Structures are given as structure tokens and as C-alpha cells.
Amino acid sequence: MSFLPIEQAPARLNRSELAIPGSQSQMFEKAAKSDVDVIFLDLEDAVAPDEKEQARKNIIAALNDIDWGTKTMSVRINGLDTHYMYRDVVDVVEQAGERLDLIMIPKVGTSADVYAVDMLVTQIEDAKGLKKRIGFEHIIETALGMQNVSEIAAASKRNESLHFGVADYAASTRARTTIIGGVNPDYSVLTDPMDDGARMTHWGDMWHYALARMVVAARANGLRPIDGPFGDFQDPEGYKAAAKRAAVLGCEGKWAIHPSQIALANEVMSPSDAEVTKAQRILEAMADAEAAGKGAVSLDGRLIDYASIRQAEVLVEKARQISG
Ligand code: GLV
Ligand code: MG
């Protein structure tokens with residue numbers, strides 16, 4: 001290990017994160033009763049300009065009046081390039097800061113963006129005597145944000161998670177797609193001709209690099225990497241495939257832009273019973289090996305060593321969090 005310790009963000013379950021437009025207050029109660037881990041009430045892209053003010057009021061009232069149980073509550077503010085943003089922060093934190101756990105900052109581009117919001121939130125928390133420190137979630141969804149992702153991840157003690165905003169990222173990088181998430185047949189590999197001359201097309205994942213880069217920046221700074229939206233909510237299989245790819249890369253959650261995606265995210269982002277049992281067996285086998293003075297042993301015909309302990313502990317800890 002490096003001598004530099006990595007401070008971990010507060011441990012929160014973040015398998016599923018439901019997006020709800022602040023203008024759609026009729027959706028709030030149902031969301032509060034759902035199985036989602038985190039809810040973000042949106043003031044940004046799902047809210048039309050002439051609805052922003054009312055959405056802000058709805059969100060403040062909802063945070064104060066609805067019983068959200070133990071859910072982690074977040075608000076997505078407008079971007080720092082808009083005149084809505086300062087009021088989003090001031091009004092929501094001043095009037096509903098007690099129940100707010102996180103602020104989601106969209107289109108974050110530089111560490112100075114994080115600094116600016118941190119300064120504002122710190123002043124409001126101090127002035128209001130708020131005891132709980134509000135955390136930050138950052139959407140990495142522009143070329144600038146991706147270029148500066150490491151500095152953004154390290155920019156504030158409030159930082160808890162990085163989210164891959166695939167739709168805006170596609171727009172910002174001018175990627176040739178108009179769907180939200182998912183794959184594109186043009187991003188494929190054509191095999192060389194086989195004996196019979198036939199060739200095969202293997203579809204690739206055009207988001208792989210961006211997601212993997214964000215995961216590294218998040219984990220190197222003790223933050224949760226979270227995969228963003230999958231727009232086609234009538235395609236649960238496509239959603240699960242995208243969620244699984246993200247999970248394999250190290251993401252611990254995915255957005256739900258429709259309630260039907262909550263269960264899918266929770267399922268994919270929770271370790272299976274078989275995985276947890278295997279992890280527990282690894283820990284037991286390594287404890288026996290250590291007692292016998294050995295650093296590596298074989299289990300089910302495969303080598304396990306001290307790195308296996310760390311991998312297994314991640315899974316067992318996650319299962320513990322889920323079971324409450
Ligand atoms: C999310 O905000 C996205 O742009 O995908
Ligand atoms: Mg976006």
C-alpha cells in the first residue's frame with residue numbers, strides 16, 4: 001500500500017438512485033415508499049425554466065413534510081453557469097437543510113466549481129447551525145469534467161460520489177448517439193474472415209473508457225462510483241446488462257429514471273448469496289492458512305492470497321450493509 005491513506009466517504013447504500021423531477025410532486029409519496037437507496041429531487045434538466053421556482057418550493061416542502069424513512073435524500077441543483085444555482089443552494093439548504101443528506105452538482109467541470117459550492121454551503125450551514133454536514137455528489141458528464149475528474153474527486157471533504165452522466169457526456173464529447181446510455185452498433189469490431197469466409201460483428205461498449213476512468217478517480221479518493229441513466233425503461237434486459245458492466249468495473253450503483261428500474265439496480269448491485277458464501281469461505285481459508293504460517297493457499301483449485309482477503313472483505317461488508 002502507498003503511505004498515503006485514502007479516507008473513505010461515509011458508508012451509504014447507493015445501489016439504486018431514483019431521479020424525480022422537482023416539478024412532479026405527485027411522484028414524491030410513492031418514491032418515499034419505494035425500495036430505492038437514494039433519491040435525488042431534480043431542479044436541473046428534468047425541470048423546464050418556467051417551473052424552476054415552483055419545483056424549488058415543492059422540494060423544500062417535500063423534504064420537510066414527507067416521511068422519507070431512512071432514505072438518503074439529495075437535490076440536483078442547476079449548473080454553476082446558470083442564475084438558478086445560487087438560489088437552489090440558498091433556499092433548499094436554509095429551508096430544508098436538516099433533512100438533506102447530499103447535493104448533486106451537475107456538469108461539474110473543475111475543482112473550483114466544487115470549491116464555490118462548498119463555500120456557499122459552509123456559510124449556510126454555519127449561519128443556520130446545521131449539525132450534519134451535507135455531502136456532494138458530482139455528475140461527470142462533460143469533456144472538461146472528465147479531463148479534471150481526479151482534481152474534482154479530491155476537491156472537497158464533502159465529496160461522496162461520482163456519477164457518470166452518459167447523456168450530457170455524449171453531447172459534450174459529440175459522440176454519435178442520441179439515446180441515453182446503451183450501446184451503438186457502429187461501435188463494433190469486425191472479425192477477420194473465418195474458413196468459410198464469414199465474418200462476425202462484436203458490439204463494443206462505447207462508454208467503457210469514460211466509466212473506467214471515473215471509477216479510478218472515485219476509488220482513488222475514497223468515493224462511490226455510480227453509473228448514470230439508462231433511458232429506455234421498457235428494456236429491463238438492456239438496463240441490467242449496462243448495470244452489470246458498470247458493477248464489474250467497480251461501480252456500486254446505478255440511476256433509476258423510472259421506478260421499474262429500482263429493483264433491477266438493487267438486484268445487480270447486491271452481491272449474490274453464492275458470491276457472499278464464496279467470500280466467506282475465502283476468509284476462512286485464509287485465516288486457516290495464516291494460522292499455519294502460509295500466505296497463499298489453494299481453494300477449489302485456485303490460488304488465493306492476501307489480495308483475495310481484501311476482495312472478499314469488500315463483498316462481505318457490502319452484504320452486511322444491505323442486511324442492515
Ligand atoms: C445525466 O444527467 C446525464 O446527462 O446523463
Ligand atoms: Mg446531465
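**Figure 1. Aspartate 300 is partly exposed in this predicted model.** Its relative accessible area is 48%. That value falls in the partly exposed class because exposed begins over 50% and buried means under 20%. Aspartate 300 sits in the loop between strand E11 (297-299) and strand E12 (302-304). The backbone here has a positive phi of about 50°, although aspartate 300 is not a glycine. Most residues other than glycine have a negative phi.

**Figure 2. Arginine 174 also has a positive phi without being a glycine.** The angle is about 60°. Arginine 174 lies in the loop between H7 and strand E7 (188-190). With a relative accessible area of 74%, arginine 174 is exposed, whereas aspartate 300 is partly exposed.

**Figure 3. Glu141 and Asp168 are the protein donors of the magnesium ion (ligand 2).** Glu141 contributes OE and Asp168 contributes OD. These donors lie 2.0 to 2.1 Å from the ion. The pair links distant parts of the chain, 27 residues apart. Glutamate 141 belongs to the loop between strand E5 (135-140) and helix H5 (143-147). Aspartate 168 belongs to helix H7 (residues 166-173). Water is not among the atoms, so the site may look incomplete.

**Figure 4. Are the two magnesium donors buried or exposed?** Glutamate 141 counts as buried, at 3% relative accessibility. Aspartate 168 is partly exposed, with a relative accessible area of 21%. The cut-off for buried is under 20%, so aspartate 168 falls outside that class. Only protein chains enter these values.

**Figure 5. The protein chain provides the setting for the close-ups, with 12 helices and 12 strands.** Its radius of gyration is 21 Å, close to the 20 Å that the globule rule gives for 324 residues, so the chain is as compact as a globular protein of that length. The C-alpha trace spans about 60 × 60 × 40 Å along its principal axes. Of the 324 residues, 48% count as buried. Among contacts between residues at least 6 apart in sequence, 70% join residues at least 24 apart.

**Figure 6. The surface and charges of the protein chain are summarised here.** The accessible surface comes to about 16,700 Å². Carbon and sulfur atoms account for 53% of that area. The chain carries 35 positive and 48 negative side chains. The centres of the two sets lie 2 Å apart.

Definitions and conventions
Residues numbered from 1 in each chain as written. Chains lettered and ligands numbered in written order. Predicted model: local features only at pLDDT ≥ 70, side-chain atom pairs only at ≥ 80, totals over all residues. Heavy atoms only, no water. Helix = DSSP H or I, 4+ residues; strand = E, 2+ residues; numbered from the N terminus. Rg over C-alpha atoms; globule rule 2.2 N^0.38 Å. Buried < 20%, exposed > 50% of the residue type's maximum accessible area, 1.4 Å probe, protein only. Contact = heavy atoms within 4.5 Å. Areas by Shrake-Rupley, 256 points an atom, 1.4 Å probe, with all protein chains shown as cover. Lys, Arg positive; Asp, Glu negative; His and termini not counted. Charge placed at Lys NZ, Arg CZ, Asp CG, Glu CD. Donors = N, O, S within 2.8 Å, 3.2 Å for Na, K, Ca; no water.
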